[in-house]
Amino acid sequence: MNENIYNNFYFLLILTFLLNNCSIYKDKTIKIEKEINLDFPKISEIKKEEISEKSKDKSLGYFWGVSDDIYPYFSNHKFENPISYERPNNNFVLKVDYFFDKKEQVKLKFYEWNYNEKVETPREIFMDKFEEIKNFLSEKIGNPIFVNYEDLERSKEETIRDDIKWRGKNLNAYLFRFRGKEGFNQIRLVLYKD
(Lines give C-alpha, C1' and ligand atoms only; values in the text may rest on other atoms or scores of the structure.)
Protein backbone atom coordinates (compact mmCIF):
# COMPACT_ATOMS: atom_id res chain seq x y z
CA MET A 1 0.00 0.00 0.00
CA ASN A 2 2.83 2.40 0.83
CA GLU A 3 4.30 1.73 -2.60
CA ASN A 4 1.03 2.84 -4.26
CA ILE A 5 1.01 6.03 -2.20
CA TYR A 6 4.60 6.82 -3.26
CA ASN A 7 3.84 6.01 -6.90
CA ASN A 8 0.76 8.25 -6.84
CA PHE A 9 2.73 11.00 -5.11
CA TYR A 10 5.51 10.89 -7.73
CA PHE A 11 2.97 10.79 -10.54
CA LEU A 12 1.17 13.86 -9.17
CA LEU A 13 4.48 15.63 -8.59
CA ILE A 14 5.60 15.04 -12.18
CA LEU A 15 2.18 16.00 -13.54
CA THR A 16 2.17 19.22 -11.52
CA PHE A 17 5.66 20.07 -12.75
CA LEU A 18 4.66 19.48 -16.36
CA LEU A 19 1.47 21.50 -16.10
CA ASN A 20 3.19 24.43 -14.41
CA ASN A 21 6.24 24.54 -16.65
CA CYS A 22 4.78 23.58 -19.99
CA SER A 23 2.27 25.45 -22.02
CA ILE A 24 0.40 24.26 -25.06
CA TYR A 25 1.65 27.24 -27.00
CA LYS A 26 4.94 27.97 -25.25
CA ASP A 27 7.09 25.89 -27.61
CA LYS A 28 5.60 27.49 -30.72
CA THR A 29 5.78 31.10 -29.60
CA ILE A 30 8.83 32.98 -30.81
CA LYS A 31 10.44 35.41 -28.40
CA ILE A 32 9.83 39.02 -29.27
CA GLU A 33 13.56 39.79 -29.61
CA LYS A 34 13.61 37.46 -32.65
CA GLU A 35 10.44 38.90 -34.17
CA ILE A 36 11.06 42.63 -33.87
CA ASN A 37 14.16 44.27 -35.30
CA LEU A 38 14.61 47.81 -33.98
CA ASP A 39 17.26 48.62 -36.61
CA PHE A 40 16.39 50.18 -39.96
CA PRO A 41 18.75 48.66 -42.55
CA LYS A 42 18.24 49.20 -46.29
CA ILE A 43 15.42 47.25 -47.89
CA SER A 44 17.92 45.08 -49.86
CA GLU A 45 19.38 43.85 -46.54
CA ILE A 46 15.90 43.19 -45.14
CA LYS A 47 14.98 41.13 -48.22
CA LYS A 48 18.07 38.95 -47.74
CA GLU A 49 17.29 38.49 -44.05
CA GLU A 50 13.61 37.63 -44.63
CA ILE A 51 14.52 35.13 -47.37
CA SER A 52 17.15 33.50 -45.12
CA GLU A 53 14.46 33.16 -42.42
CA LYS A 54 12.19 31.43 -44.99
CA SER A 55 9.58 34.20 -44.89
CA LYS A 56 7.01 34.28 -47.70
CA ASP A 57 6.77 37.37 -49.90
CA LYS A 58 3.17 38.62 -49.49
CA SER A 59 3.66 41.98 -51.23
CA LEU A 60 0.56 43.30 -53.00
CA GLY A 61 2.52 44.70 -55.95
CA TYR A 62 0.96 48.14 -55.73
CA PHE A 63 1.15 51.15 -53.44
CA TRP A 64 -0.99 51.35 -50.31
CA GLY A 65 -0.65 53.58 -47.28
CA VAL A 66 -1.44 53.92 -43.61
CA SER A 67 -3.43 56.64 -41.88
CA ASP A 68 -1.88 59.67 -40.20
CA ASP A 69 -3.08 58.52 -36.77
CA ILE A 70 -0.93 55.39 -37.18
CA TYR A 71 2.07 57.10 -38.79
CA PRO A 72 1.81 60.92 -38.64
CA TYR A 73 4.70 61.50 -41.10
CA PHE A 74 3.42 59.34 -43.95
CA SER A 75 2.78 62.29 -46.28
CA ASN A 76 6.33 63.61 -45.67
CA HIS A 77 7.84 60.78 -47.74
CA LYS A 78 7.66 59.47 -51.29
CA PHE A 79 7.46 55.71 -50.85
CA GLU A 80 7.96 52.87 -53.28
CA ASN A 81 5.45 49.99 -53.25
CA PRO A 82 5.66 48.44 -49.77
CA ILE A 83 7.13 44.98 -49.42
CA SER A 84 5.39 42.51 -47.13
CA TYR A 85 6.63 39.24 -45.65
CA GLU A 86 4.84 36.55 -43.70
CA ARG A 87 7.13 34.90 -41.20
CA PRO A 88 7.22 31.10 -40.78
CA ASN A 89 4.28 29.74 -38.80
CA ASN A 90 4.22 29.60 -35.03
CA ASN A 91 1.30 30.34 -32.73
CA PHE A 92 0.68 33.50 -34.73
CA VAL A 93 0.64 34.48 -38.36
CA LEU A 94 3.09 37.37 -38.33
CA LYS A 95 3.19 39.71 -41.30
CA VAL A 96 5.68 42.58 -41.59
CA ASP A 97 5.26 45.44 -44.07
CA TYR A 98 8.24 47.61 -44.99
CA PHE A 99 7.82 51.15 -46.34
CA PHE A 100 10.94 52.54 -48.03
CA ASP A 101 12.02 55.30 -50.40
CA LYS A 102 13.93 55.27 -53.72
CA LYS A 103 17.22 55.27 -51.81
CA GLU A 104 16.14 51.98 -50.16
CA GLN A 105 15.87 53.69 -46.76
CA VAL A 106 13.22 51.95 -44.65
CA LYS A 107 11.13 54.61 -42.93
CA LEU A 108 8.33 52.52 -41.43
CA LYS A 109 7.85 48.93 -40.27
CA PHE A 110 4.33 47.63 -39.72
CA TYR A 111 4.01 44.34 -37.80
CA GLU A 112 0.73 42.42 -37.53
CA TRP A 113 0.05 39.31 -35.41
CA ASN A 114 -3.06 37.25 -36.25
CA TYR A 115 -4.50 33.86 -35.36
CA ASN A 116 -2.82 30.86 -36.87
CA GLU A 117 -5.69 28.63 -37.95
CA LYS A 118 -3.34 25.62 -38.14
CA VAL A 119 -2.74 25.84 -34.38
CA GLU A 120 -5.37 26.11 -31.70
CA THR A 121 -4.51 29.50 -30.27
CA PRO A 122 -5.90 30.33 -26.81
CA ARG A 123 -7.18 33.90 -26.29
CA GLU A 124 -4.69 34.50 -23.48
CA ILE A 125 -1.78 34.19 -25.88
CA PHE A 126 -2.68 37.54 -27.45
CA MET A 127 -2.61 39.31 -24.08
CA ASP A 128 0.68 37.60 -23.24
CA LYS A 129 2.18 38.67 -26.59
CA PHE A 130 0.84 42.23 -26.23
CA GLU A 131 2.40 42.53 -22.77
CA GLU A 132 5.66 41.00 -23.98
CA ILE A 133 5.88 43.57 -26.80
CA LYS A 134 4.97 46.40 -24.42
CA ASN A 135 7.68 45.37 -21.94
CA PHE A 136 10.27 44.92 -24.70
CA LEU A 137 9.59 48.38 -26.17
CA SER A 138 9.51 50.04 -22.74
CA GLU A 139 12.90 48.51 -21.99
CA LYS A 140 14.37 49.66 -25.32
CA ILE A 141 12.69 53.07 -25.77
CA GLY A 142 11.56 54.11 -22.29
CA ASN A 143 8.18 54.67 -20.68
CA PRO A 144 5.21 55.10 -23.01
CA ILE A 145 3.85 58.61 -23.59
CA PHE A 146 0.29 57.32 -24.00
CA VAL A 147 -1.53 54.21 -22.70
CA ASN A 148 -5.21 53.41 -23.19
CA TYR A 149 -6.88 50.09 -22.38
CA GLU A 150 -10.59 49.82 -23.20
CA ASP A 151 -13.07 47.67 -21.26
CA LEU A 152 -14.53 45.11 -23.68
CA GLU A 153 -17.31 44.08 -21.30
CA ARG A 154 -18.58 47.64 -20.80
CA SER A 155 -18.15 48.76 -24.39
CA LYS A 156 -21.15 49.15 -26.67
CA GLU A 157 -18.85 48.38 -29.61
CA GLU A 158 -18.26 44.83 -30.83
CA THR A 159 -14.53 45.49 -31.24
CA ILE A 160 -12.32 47.73 -29.12
CA ARG A 161 -8.73 48.94 -29.40
CA ASP A 162 -6.00 49.17 -26.76
CA ASP A 163 -3.26 51.71 -27.60
CA ILE A 164 0.27 52.38 -26.37
CA LYS A 165 2.66 54.96 -27.85
CA TRP A 166 6.35 55.63 -27.30
CA ARG A 167 8.46 58.56 -28.42
CA GLY A 168 12.18 58.03 -28.09
CA LYS A 169 15.27 59.90 -29.13
CA ASN A 170 15.97 57.52 -32.03
CA LEU A 171 12.82 55.44 -32.32
CA ASN A 172 9.04 55.83 -32.06
CA ALA A 173 6.50 53.06 -31.67
CA TYR A 174 2.75 52.67 -31.72
CA LEU A 175 1.37 49.38 -30.42
CA PHE A 176 -2.31 48.57 -30.62
CA ARG A 177 -4.49 45.54 -30.14
CA PHE A 178 -7.99 44.89 -31.42
CA ARG A 179 -10.25 42.74 -29.23
CA GLY A 180 -13.76 41.62 -30.08
CA LYS A 181 -16.69 40.22 -28.17
CA GLU A 182 -16.83 37.30 -30.59
CA GLY A 183 -13.21 36.40 -29.78
CA PHE A 184 -11.43 38.48 -32.44
CA ASN A 185 -7.83 39.36 -31.55
CA GLN A 186 -5.13 41.13 -33.53
CA ILE A 187 -1.95 42.97 -32.54
CA ARG A 188 -0.30 45.66 -34.65
CA LEU A 189 2.95 47.51 -34.14
CA VAL A 190 4.33 50.46 -36.08
CA LEU A 191 8.01 51.44 -35.74
CA TYR A 192 9.50 54.61 -37.23
CA LYS A 193 12.32 57.08 -36.62
CA ASP A 194 10.84 60.45 -37.79
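A surface patch, as the term is used here, is made of residues with over 30% relative accessible area and no salt bridge, and nonpolar side chains are joined into such a patch within 5 Å. In the predicted model described here, a nonpolar patch of this kind, with an area of about 240 Å², is formed on the surface by Met 127, Val 147 and Tyr 149. Of these residues, Tyr 149 is placed in the loop that links strand E5 (146-148) to strand E6 (159-167). Because its relative accessibility is 34%, Tyr 149 counts as partly exposed, and this value also meets the requirement of over 30% for membership of a patch.

The loop between E5 and E6 also holds Glu 157, which belongs to a patch of negative charge that gathers Glu 150, Glu 157, Glu 158 and Glu 182 on the surface. With a relative accessibility of 53%, Glu 157 counts as exposed, because the term applies to residues over 50%.

As regards the protein as a whole, four helices and eight strands are present, and from the N terminus on they follow the order α-α-α-β-β-β-β-α-β-β-β-β. The protein comprises 194 residues, of which 40% count as buried, while the area exposed by the protein amounts to about 12,100 Å², with 51% of it supplied by carbon and sulfur atoms. Among the contacts in the protein with a separation of 6 or more, 54% are accounted for by residues 24 or more positions apart.

How values were computed. Residues numbered from 1 in each chain as written. Predicted model: local features only at pLDDT ≥ 70, side-chain atom pairs only at ≥ 80, totals over all residues. Heavy atoms only, no water. Helix = DSSP H or I, 4+ residues; strand = E, 2+ residues; numbered from the N terminus. Buried < 20%, exposed > 50% of the residue type's maximum accessible area, 1.4 Å probe, protein only. Contact = heavy atoms within 4.5 Å. Areas by Shrake-Rupley, 256 points an atom, 1.4 Å probe, with all protein chains shown as cover. Patch = residues over 30% accessible without salt bridge, like charges linked within 9 Å, V, L, I, M, F, W, Y side chains within 5 Å. Salt bridge = Lys/Arg side-chain N within 4 Å of Asp/Glu carboxyl O. Lys, Arg positive; Asp, Glu negative; His and termini not counted. Charge placed at Lys NZ, Arg CZ, Asp CG, Glu CD.
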